[in-house]
Amino acid sequence: MLINELSTSSSDTFSMQSIIPFFQSIIDLHDFGVVRYECLARLIDQSATTYKPENFMQFIEREAYNSQLTDHMLMQCVHAFEYQNMPWNINITAGECQDLHLLHYLRSALDYVPCFGHIGLELSHLDALCVLGDLPQFIAQCRE
């Protein structure tokens, strides 16, 4: 399993560049058109094997790479959709709702986004419940 391989290797040998976006289309079932894309992280190893997050997120969390992963994936999305008129979503964590770093990073990316409303931030319901008191402030700051 990849988690064991990452755990036994030095975190210095890990490269965030090996995690790439995989875009899943969100389809409107009324007209079967794509209405937006969801960015899903995938890790590709040196043998070109692709891994889902459940195979590497434990390593990311243990090494405290969550913020770096979000920054990396956000910029991958921004550049992928820079010249597209298509909305897209990216997953964030409860901790990122409480950390101003994500907001600063989002603001720096806006120059490359055709329409700010195209960016969707997804938060799991369990994470949302953990930061319920902070969500109104986070949402207000995102809207700024």
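## A first look at the strands

Which residue of strand 4 does Tyr-37 stand opposite? The partner of Tyr-37 is Trp-88. That pairing is a good place to start a tour of this structure, which is a predicted model.

Tyr-37 and Trp-88 face each other where strand 2 and strand 4 (residues 88-91) run in the parallel sense, joined by two bridges. Strand 2 also pairs with strand 1: residues 19-27 and residues 34-44 are linked in the antiparallel sense by nine bridges. Within that pairing, Ile-26 has Arg-36 of strand 2 as its bridge partner. Strand 2 has a further antiparallel neighbour in strand 3 (residues 50-51), connected through two bridges. Here Ile-44 is matched with Thr-50 of strand 3.

When you look along any of these strands, one rule of thumb helps. In a regular strand, side chains alternate between the two faces of the sheet.

## Two hairpins and their turns

Strands 1 and 2 make a hairpin, with six residues between them. Phe-32 belongs to the loop between these two strands, and its phi is positive, near 60°, even though the residue is not a glycine. Phe-32 counts as exposed because its relative accessibility is 62%, and the cut-off for exposed is over 50%.

The hairpin of strand 2 and strand 3 has five residues between the strands. Ala-48 sits in the loop that joins them. Like a glycine might, but without being one, Ala-48 has a positive phi of about 70°. Ala-48 is exposed too, at a relative accessible area of 57%. For context, most residues other than glycine have a negative phi.

## A nonpolar patch on the surface

Phe-32 has a second part to play in this picture. Together with Ile-27, Leu-29 and Val-34, Phe-32 forms a nonpolar patch on the surface. The four residues share about 410 Å² of accessible area.

Ile-27 brings strand 1 into this patch. With a relative accessibility of 36%, Ile-27 is classed as partly exposed, whereas Phe-32, at 62%, is classed as exposed.

## Aromatic neighbours

How many aromatic pairs are there? The count is four. One of them joins Phe-23 and Phe-81 in an edge-to-face arrangement, with 5.1 Å from centre to centre and 90° between the planes. The two residues come from distant parts of the chain, 58 residues apart: Phe-23 is in strand 1, while Phe-81 is in the loop between helix 3 (66-80) and strand 4.

Is Phe-81 buried or exposed? Phe-81 is buried, since its relative accessibility of 8% falls under the 20% limit. Its partner Phe-23 is partly exposed, with a value of 27%. Both rings belong to one aromatic cluster, whose other members are Tyr-37 and Trp-88. So the two residues that opened this report meet again here, this time as parts of an aromatic group.

## The nonpolar core

Trp-88 also leads to the inside of the model. The largest nonpolar core has 35 residues, and Trp-88 is among those with the most contacts inside it, along with Phe-14, Ile-19 and Ile-60. Many elements contribute at least two residues each: strand 2, helix 2 (57-62), helix 3, strand 4, helix 4 (94-98), helix 5 (100-109) and helix 7 (135-143). Helix 3 gives the largest share, with six residues.

## A salt bridge and a proline

Side chains of opposite charge can pair when their charged atoms come close. How many salt bridges are counted here? There is one. This salt bridge is between Arg-62 and Glu-63, whose closest N and O atoms are 3.0 Å apart. Both partners are partly exposed: Arg-62 has a relative accessibility of 45%, and Glu-63 has 26%.

One last stop is Pro-136, a residue of helix 7. Pro-136 is exposed, with 55% relative accessible area. To get a feel for distances, compare Pro-136 with Ser-25: the two are 111 residues apart in sequence, and their C-alpha atoms are 28 Å apart in space.

How values were computed:
Residues numbered from 1 in each chain as written. Predicted model: local features only at pLDDT ≥ 70, side-chain atom pairs only at ≥ 80, totals over all residues. Heavy atoms only, no water. Pairing = 2+ DSSP bridges. Helix = DSSP H or I, 4+ residues; strand = E, 2+ residues; numbered from the N terminus. Phe/Tyr/Trp six-rings, centres within 6.5 Å; stacked < 30°, edge-to-face > 60°. Buried < 20%, exposed > 50% of the residue type's maximum accessible area, 1.4 Å probe, protein only. Patch = residues over 30% accessible without salt bridge, like charges linked within 9 Å, V, L, I, M, F, W, Y side chains within 5 Å. Areas by Shrake-Rupley, 256 points an atom, 1.4 Å probe, with all protein chains shown as cover. Salt bridge = Lys/Arg side-chain N within 4 Å of Asp/Glu carboxyl O. Core = buried A, V, L, I, M, F, W, Y, C linked by side-chain atoms within 4.5 Å.
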